[in-house]
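Me: I am new to this structure. Please pick one part and take me through it closely. Then show me how that part sits in the whole.

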Amino acid sequence: MELLMTKFVTMVILGLCSFMIGIAAKMFRGVLGLQTKEVKRSQAFINSMLLCFGAGVLLATALLHILPETRNGMEEAQRYWDIGWLAELVFCFGIFPCLSGRRGCASNTS
């Protein structure tokens with residue numbers, strides 16, 4: 001029961017922290033004047049930096065959660081081929097086409 005309660009508390013804390021950071025970012029945009037009708041060059045740059053930071057956080061989270069599972073699932077193949085970095089290679093072959101945009105995983109939706 002203690003492990004379940006710890007997981008629940010952690011989930012609630014992470015959810016609340018994510019929500020509060022999202023609200024803070026919304027207020028931060030108002031302070032910087034990013035919600036005005038005319039977009040200045042500095043506003044576009046700051047907006048781009050915020051979006052890149054968010055994308056990096058999502059990518060890092062995906063890597064931290066998916067890569068260990070990929071390693072566990074490929075232990076037998078790594079031993080057979082004697083390649084210690086096989087899981088990372090397969091993961092990169094799977095994720096980089098998805099990140100490349102038009103030619104990635106969603107290219108057949110036209």
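Reply: What follows starts with the whole chain, then turns to a salt bridge and the residues around it, and ends with two other places.

This is a predicted model, in which local features need pLDDT of at least 70 and side-chain atom pairs count only at pLDDT 80 or more, while totals for chains, interfaces and linings use all residues. Residues are numbered from 1 along each chain as its sequence is written, and side-chain values use heavy atoms, with hydrogens and water left out.

First, the setting. The chain has four helices and zero strands. Its pattern along the sequence reads α-α-α-α. Helices (H or I, at least four residues) and strands (E, at least two) are DSSP runs, numbered from the N terminus. Of the 110 residues, 11% count as buried. Buried means under 20% relative accessible area, exposed means over 50%, and partly exposed lies in between (1.4 Å probe, protein chains only). The accessible surface comes to about 9,600 Å². Carbon and sulfur atoms hold 69% of that surface. These areas come from the Shrake-Rupley method with a 1.4 Å probe; for residues, only the protein chains shown count as cover. Take the contacts between residues at least 6 apart in sequence: 14% of them join residues at least 24 apart. A contact means heavy atoms within 4.5 Å.

Now the close look. The structure holds one salt bridge (a side-chain nitrogen of Lys or Arg within 4 Å of a carboxyl oxygen of Asp or Glu). The partners are R71 and E88, and their closest N and O atoms are 2.7 Å apart. R71 lies in helix α2 (residues 41-73) and E88 in helix α4 (residues 86-99), so the bridge ties together parts that are 17 residues apart in sequence. R71 is partly exposed, at 36% relative accessibility. E88 is partly exposed too, with a relative accessible area of 24%.

Next, L67. This residue is also in helix α2. At 15% relative accessibility, L67 is buried. Leaving out residues up to four places away in sequence, L67 touches A62, A87, E88 and F91. So E88 appears again: it is a contact of L67 as well as the salt-bridge partner of R71. L67 and E88 are 21 residues apart along the chain, yet their C-alpha atoms are separated by 7.2 Å.

Then Q78, in helix α3 (residues 75-81). Q78 is buried, at 16% relative accessibility. With residues up to four places away in sequence not counted, Q78 touches R71, I83, G84, W85, L86 and A87. R71 is thus a contact of Q78 and one half of the salt bridge. A87 is touched by Q78 and also by L67.

What else is there? A search of the whole structure finds one aromatic pair. Y80 and W81 form it edge-to-face, 5.3 Å centre to centre with 90 degrees between the planes. Rings of Phe, Tyr and Trp (its six-membered ring) pair if their centres lie within 6.5 Å; planes under 30 degrees apart are stacked, over 60 edge-to-face, the rest tilted. Y80 is exposed at 67%, and W81 is exposed at 57%.

Last, V12 sits in helix α1 (residues 2-32). V12 is partly exposed, with a relative accessible area of 35%.
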